[in-house]
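Me: I would like a close look at one part of this model, the packing of its helices, with the residues involved. Please keep it plain.

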Amino acid sequence: MILYQSLLKDTLAGKKKFAVLIDPDKYSLDSLSQVVKLAIQTRIDYFFLGGSILLYDNLSLLIAFIKKNTDIPIVLFPGNNMQLNNEADGILLLSLISGRNPDMLIGRHVISAPYLKASKLEILSTGYMLVESGSTTAVTYMSNTTPIPAHKSDIAVCTAMAGEMLGMKLIYMDAGSGAKNPVPLPMISKVKRSIGVPLIIGGGITTPELAKAAYTAGADVIVAGNGIEDNPDLILAIGAVR
Ligand code: 1GP
């Protein structure tokens, strides 16, 4: 409960968090090394690790590299059951509550439960909500679910409330990796006002201005992946508006 307790405390105190998403397929040790240096410099709060699909088997290697160089917590953000790794610090145990695919709501979790129970990973149960972002994203396609329409904040609010009432410790609204449009600001504000658990926002955040706007609207944690792959200095820029 170490990660969660400190996140909860900081959320209540209004202290914003920044997570850098590492898609293992997109990084070599060289490119990761640059990102880790910048992450240490601006003291990001988390590394999230995962992707919709993994073509290469380098998750363990990347985790070992991050651990050797920094104590910034590593949280798995798994696209599927093959992305579990006991060397990370925690895992977002995602239930895709915006969709109606039973496998993503509970099926995969049943398969992973014995592994997770025996692991030392801190389990962070997360109500995961996909929000429509202007084009089909990898996660929408891979999960075989329909995202929440971008202008339907009321659906997002009710979904997040239900997730919290079901006991989920976090709500993560995601426009999807490389999203054309990030999660709309009015939707972030309305969801934030409706729940008490920390709110994570990601997908399409490629500038410090977009990050700042999402924080101001109510995001407790911002996740950025693609933008950092293209321009690692974005870590410093988002770190500065946190
Ligand atoms: C995707 O929320 C994350 O699941 C991050 O998205 O890669 O677009 O930053 P980006």
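Reply: Helix 7 passes helix 8 in a right-handed crossing. This is a predicted model, and the values below are computed from it.

Helix 7 covers residues 185-194 and helix 8 covers residues 208-217. Their axes lie 8 Å apart and make an angle of about 30°. Angles under 35 degrees count as roughly parallel, and helix 7 and helix 8 are therefore roughly parallel to each other. On the helix 7 side, the residues that meet helix 8 are Leu 185, Ile 188, Ser 189 and Lys 192. Helix 8 contributes Ala 213, Ala 214 and Ala 217. Sorted by class, this contact of helix 7 with helix 8 holds five nonpolar residues, one polar and one charged.

Helix 8 also packs against helix 10, which spans residues 234-241. Here the angle is about 30° and the axes are 9 Å apart. That makes helix 8 roughly parallel to helix 10. The crossing of helix 8 past helix 10 is right-handed. From helix 8, the contact uses Pro 208, Ala 211, Lys 212 and Tyr 215. From helix 10, it uses Leu 234, Ala 237, Ile 238 and Val 241. By class, the contact of helix 8 with helix 10 has seven nonpolar residues, one charged and no polar.

Another helix to look at is helix 6, where Ala 160 has its place. Ala 160 has a relative accessible area of 0% and is therefore buried. Leaving aside neighbours within four places in sequence, Ala 160 is in contact with Met 129, Ile 171, Val 191 and Ile 195. From Ala 160 to Ala 13 the separation is 147 residues in sequence and 21 Å in space, C-alpha to C-alpha.

Two loops next to helices deserve a note on backbone angles. Most residues other than glycine have a negative phi. Asn 144, in the loop between helix 5 (138-143) and helix 6 (153-165), has a positive phi near 55°. Its relative accessibility is 64%, so Asn 144 counts as exposed. Arg 43 sits in the loop between helix 2 (29-42) and strand 2 (46-49). The phi of Arg 43 is also positive, near 50°. At 43% relative accessibility, Arg 43 counts as partly exposed.

Notes:
Residues are numbered from 1 along each chain as its sequence is written. This is a predicted model: local features need pLDDT of at least 70, side-chain atom pairs count only at pLDDT 80 or more; totals for chains, interfaces and linings use all residues. Side-chain values use heavy atoms; hydrogens and water are left out. Axes are lines fitted to C-alpha atoms, for helices over the stretch in contact, and angles run from 0 to 180 degrees between N-to-C directions. Helices (H or I, at least four residues) and strands (E, at least two) are DSSP runs, numbered from the N terminus. Angles under 35 degrees count as roughly parallel, over 145 as roughly antiparallel, 65 to 115 as roughly perpendicular and the rest as oblique. A crossing is left-handed if the near helix is turned anticlockwise from the far one by less than a right angle, and right-handed if clockwise. Contact means heavy atoms within 4.5 Å. Ala, Val, Leu, Ile, Met, Phe, Trp, Tyr, Cys and Pro count as nonpolar, Asp, Glu, Lys and Arg as charged, and the others, Gly among them, as polar. Buried means under 20% relative accessible area, exposed over 50%, partly exposed in between (1.4 Å probe, protein chains only).
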